[in-house]
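Here is a friendly walk through one protein model, written for someone who likes to think in atoms and contacts. Have the coordinates open as you read.

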Amino acid sequence: IDPWNELEHQYDAQSRSLTQYTGESLMRLRQFARNHETHMWTVAHPTKLRKDASGQYPVPNLYDVSDSSHWYNKPDNGIVIHRDKSDERKPAEVYVQKIRFRYSGQLGVTQLRYDKVTGRYHEVDGTFAPPPEF
């Protein structure tokens, strides 16, 4: 589902909050994926981030996604992609910020370079570092 905010969401604000609606929706998506033995990927964008003292945007975390802390609480895995938009030559950073089950991965960060010709990402140096403080 890419991106989440492009879906037509209809909920009754009188009976539940946006946070409750988001939590229920994520729970239903996860149940659907498990019932059908498939993976569900949902792309959600962070709220508007503020630049730091150096003029750069910080690396967002799963709590920075708009509308609810459930974007951290509900998923089995949480991945954040961060790009320095001021310099296209810099690789994208991929932060694995949440892994519920150890067999499915580990926390950490790596870099990927985008190839405009093929439309694919490639590892920069093949390293996967321990996670930084999020």
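## Salt bridges

Arg 34 and Asp 76 form a salt bridge in which the closest N and O atoms are 2.7 Å apart. Since Arg 34 lies in helix 1 and Asp 76 in the loop between helix 2 and strand 1, the pair ties together parts that are 42 residues apart in sequence. Please keep in mind that this is a predicted model.

How do the two partners compare in exposure? Arg 34 has a relative accessible area of 44%, so this residue is partly exposed. Asp 76, at 18%, is buried because that value falls under the 20% limit. The pair also belongs to a wider set: Arg 30, Arg 34, Asp 76 and Arg 100 are linked in a network of salt bridges.

How many salt bridges does the structure hold? There are six, and the table lists three of them, including the one just described.

| Salt bridge | N to O distance | Relative accessible area |
|---|---|---|
| Arg 34 and Asp 76 | 2.7 Å | Arg 34: 44%; Asp 76: 18% |
| Asp 84 and Lys 90 | 2.9 Å | Asp 84: 16%; Lys 90: 44% |
| Asp 87 and Arg 89 | 3.0 Å | Asp 87: 18%; Arg 89: 67% |

Look at the burial classes in the lower two rows. Asp 84 counts as buried, whereas its partner Lys 90 is partly exposed. Asp 87 is buried as well, while Arg 89 counts as exposed, because 67% is over the 50% limit.

## The strands

Strand 2 covers residues 92-99, and six of its eight residues are buried, so the strand is mostly covered. Which strands pair with strand 2? On one hand there is strand 1 (residues 77-82), which pairs with strand 2 in the antiparallel sense over six bridges. Within this pairing, Val 80 has Tyr 95 in strand 2 as its bridge partner. On the other hand there is strand 3 (residues 108-115), joined to strand 2 by five bridges and also running antiparallel. Here Ala 92 stands opposite Leu 112 in strand 3. As a general reminder for viewing, side chains in a regular strand alternate between the two faces of the sheet.

## The nonpolar core

Which residues make up the largest nonpolar core? The six members are Trp 4, Tyr 21, Leu 26, Leu 29, Val 65 and Trp 71. Helix 1 gives the most to this core, with three residues.

Trp 71 is a good residue to select in your viewer. Leaving aside residues up to four places away in sequence, Trp 71 touches Trp 4, Thr 22, Leu 26, Thr 42, Ala 44, Leu 62, Val 65 and Ser 66.

## Ser 68 and Arg 28

Ser 68 is found in the loop between helix 1 (18-35) and helix 2 (70-73). Is this loop residue buried or exposed? Its relative accessibility is 6%, so Ser 68 counts as buried. The Ser 68 side chain reaches the backbone nitrogen of His 70 at 2.9 Å. With residues up to four places away in sequence not counted, Ser 68 touches Thr 19 and Thr 22.

Arg 28 has its place in helix 1. With a relative accessible area of 53%, Arg 28 is exposed. Its C-alpha atom is separated by 33 Å from that of Ala 129, a residue 101 places away along the chain.

Notes:
Residues are numbered from 1 along each chain as its sequence is written. This is a predicted model: local features need pLDDT of at least 70, side-chain atom pairs count only at pLDDT 80 or more; totals for chains, interfaces and linings use all residues. Side-chain values use heavy atoms; hydrogens and water are left out. Helices (H or I, at least four residues) and strands (E, at least two) are DSSP runs, numbered from the N terminus. Buried means under 20% relative accessible area, exposed over 50%, partly exposed in between (1.4 Å probe, protein chains only). A polar contact is a pair of N or O atoms within 3.5 Å; within protein, one must be able to donate a hydrogen and the other to accept it, and residues adjacent in sequence count only if both atoms are side-chain atoms. Contact means heavy atoms within 4.5 Å. Two strands pair if DSSP finds at least two bridges between them. A nonpolar core is a set of buried Ala, Val, Leu, Ile, Met, Phe, Trp, Tyr and Cys residues joined through side-chain atoms within 4.5 Å. A salt bridge is a side-chain nitrogen of Lys or Arg within 4 Å of a carboxyl oxygen of Asp or Glu.
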